[in-house]
Amino acid sequence: MAELEMDGLAVPRPPETQDALERNLSYLVNRLSAVGQAAQNRRLAACGVNTVTLRTLSVLYIQDGLTVNEITARAFAEQSTASRAIDSMVTAGLLERRIPPGDQRRREIGLTEAGRALLLQCWPHMAEHNARLVEGIDADDLETCRRVLARMIENVRAQGS
């Protein structure tokens, strides 16, 4: 079968079978993300949160006092989704908004004691999810996977896409 052309370069045709599609790395990464996030949300529902909430709490547990944009980037959420989630968490008393003394223009979000307690309560569900995700996979294979995925992320960022 002839190849397609894009920007003067020959590129492979789309997969013609489900098996071929499932060997495509982008497809597999996206599928893992969708299936994994759904499973993660089911586990987290036991403590009344979703992945965006948990990621936000986790990011602020690691580094308190970030802006909405900084949280959005680190929690890899859409700006509008993160902003709504943060508003809800502020209303629920899990987060607080504050202005740091040294910069009156900066608006920071901080983790409250209730937010910290909720993260610690939910984290065992995440640990169980992570353990099941890697069950039966050799430690060396996992390290290779982490390294390869990190490199793929770097590649995508370098492309600006």
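Q: How do the axes of α3 and helix α6 cross, and within what distance do they come?
A: They come within 10 Å of each other and cross at roughly 115°. Here an axis is a line fitted to C-alpha atoms (for helices, over the stretch in contact), and the angle runs from 0 to 180 degrees between N-to-C directions. Helix α6 covers residues 113-133, while α3 covers residues 51-62. Both count as helices by DSSP: runs of H or I with at least four residues, numbered from the N terminus, whereas strands are E runs of at least two.

Q: What are these values taken from?
A: This is a predicted model, where local features need pLDDT of at least 70 and side-chain atom pairs count only at pLDDT 80 or more, though totals for chains, interfaces and linings use all residues. Residues are numbered from 1 along each chain as its sequence is written, and side-chain values use heavy atoms, leaving out hydrogens and water.

Q: What is the handedness of the crossing where α3 passes α6?
A: It's left-handed. That name applies if the near helix is turned anticlockwise from the far one by less than a right angle; clockwise would be right-handed.

Q: Which residues make the contact between α3 and α6?
A: On the α3 side, you'll find Leu 54, Leu 57, Ser 58 and Tyr 61. Among those from α6 are Arg 116, Trp 123 and Met 126. Contact just means heavy atoms within 4.5 Å.

Q: What makes the contact of α3 with α6 mostly one class or another?
A: Count them up: nine nonpolar, two polar and one charged. Nonpolar means Ala, Val, Leu, Ile, Met, Phe, Trp, Tyr, Cys or Pro; charged means Asp, Glu, Lys or Arg; the others, Gly among them, are polar.

Q: Why is Thr 112 called buried or exposed?
A: Its relative accessibility is 16%, and buried means under 20%, exposed over 50%, and partly exposed in between (1.4 Å probe, protein chains only), so Thr 112 is buried. This residue lies in the loop between β4 (108-111) and α6. Thr 112 touches Gly 93, Leu 94, Leu 95 and Glu 96, skipping residues up to four places away in sequence.

Q: Does the label buried or exposed fit Thr 67, and why?
A: Buried, because its relative accessible area is 18%. Thr 67 sits in the loop between α3 and α4 (68-74), where it touches Arg 106 and Arg 107, not counting residues up to four places away in sequence.

Q: How do you know that Arg 98 and Glu 96 meet in a salt bridge?
A: Their N to O distance is 3.0 Å. A salt bridge needs a side-chain nitrogen of Lys or Arg within 4 Å of a carboxyl oxygen of Asp or Glu, so this pair passes. Arg 98, at 27%, is partly exposed, and Glu 96, at 36%, is partly exposed too.

Q: What separates Glu 143 and Arg 146 in helix α7?
A: They're three residues apart in helix α7 (residues 139-159), which means about one helical turn. Their side chains meet in a salt bridge at 3.6 Å, N to O.

Q: What is the nearest side chain of opposite charge to Arg 55?
A: That's Glu 78, 9.7 Å away. Lys and Arg count as positive, Asp and Glu as negative, with His and the chain ends not counted. Buried Arg 55 therefore has no salt bridge.
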